[in-house]
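Student: I would like to learn how to read strands, burial and contacts in a structure. Could we go through them one at a time?

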Amino acid sequence: SRVRIVCRYLRARHYAVTKHTRVGELKALVEAFLKKGEHVWHLPDGTARRVEGPTLVARLSKPLDEKNLTSSIKRGEELVLEGLGGDKKDKYKVWRVESGHRAQV
């Protein structure tokens with residue numbers, strides 16, 4: 001079975017469902033992925049970058065801010081938050097879902 005979820009802010013993804021899958025179960029699948037999904041990007045050198053973490057959707061557009069060293073972000077852009085743990089100053093890395101490039105937020 002196929003189910004189409006229309007949301008202009010989320011990329012197309014595939015979820016395993018049957019004709020007996022309830023709406024609540026489907027919502028739980030989508031929510032689980034957004035909380036801790038695995039993203040894979042294939043780099044030009046042939047290697048793959050795998051990042052697992054929550055997916056955030058930007059609510060607003062923000063321009064590049066060179067003073068605060070933050071990247072420009074478009075409304076609706078998906079970002080993955082990768083936790084590094086430990087007591088480091090930078091405890092997280094943020095990746096752009098579309099390209100796999102780092103973003104400074």
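Tutor: Strand β5 (residues 92–96) pairs with β4 in the antiparallel sense over five bridges, where two strands pair if DSSP finds at least two bridges between them. This is a predicted model, in which local features need pLDDT of at least 70 and side-chain atom pairs count only at pLDDT 80 or more, while totals for chains, interfaces and linings use all residues. Residues are numbered from 1 along each chain as its sequence is written, and side-chain values use heavy atoms, with hydrogens and water left out.

Student: Which residue in β5 is the bridge partner of Leu-81?

Tutor: The partner of Leu-81 in β5 is Val-94. β4 also pairs with β3, again in the antiparallel sense, over three bridges, and there Val-57 has Glu-78 of β4 as its bridge partner.

Student: How many helices and strands does the chain have?

Tutor: Helices (H or I, at least four residues) and strands (E, at least two) are DSSP runs, numbered from the N terminus. The chain has one helix and six strands, in the order α-β-β-β-β-β-β along the sequence.

Student: Why does Ser-71 count as buried or exposed?

Tutor: Buried means under 20% relative accessible area, exposed over 50%, and partly exposed in between (1.4 Å probe, protein chains only). Ser-71, in the loop between β3 (55–57) and β4 (78–83), counts as buried because its relative accessibility is 17%.

Student: Which residues is Ser-71 in contact with, leaving aside neighbours within four places in sequence?

Tutor: Contact means heavy atoms within 4.5 Å, and with those neighbours set aside Ser-71 touches Lys-62, Pro-63, Leu-64, Arg-96, Ala-103 and Gln-104.
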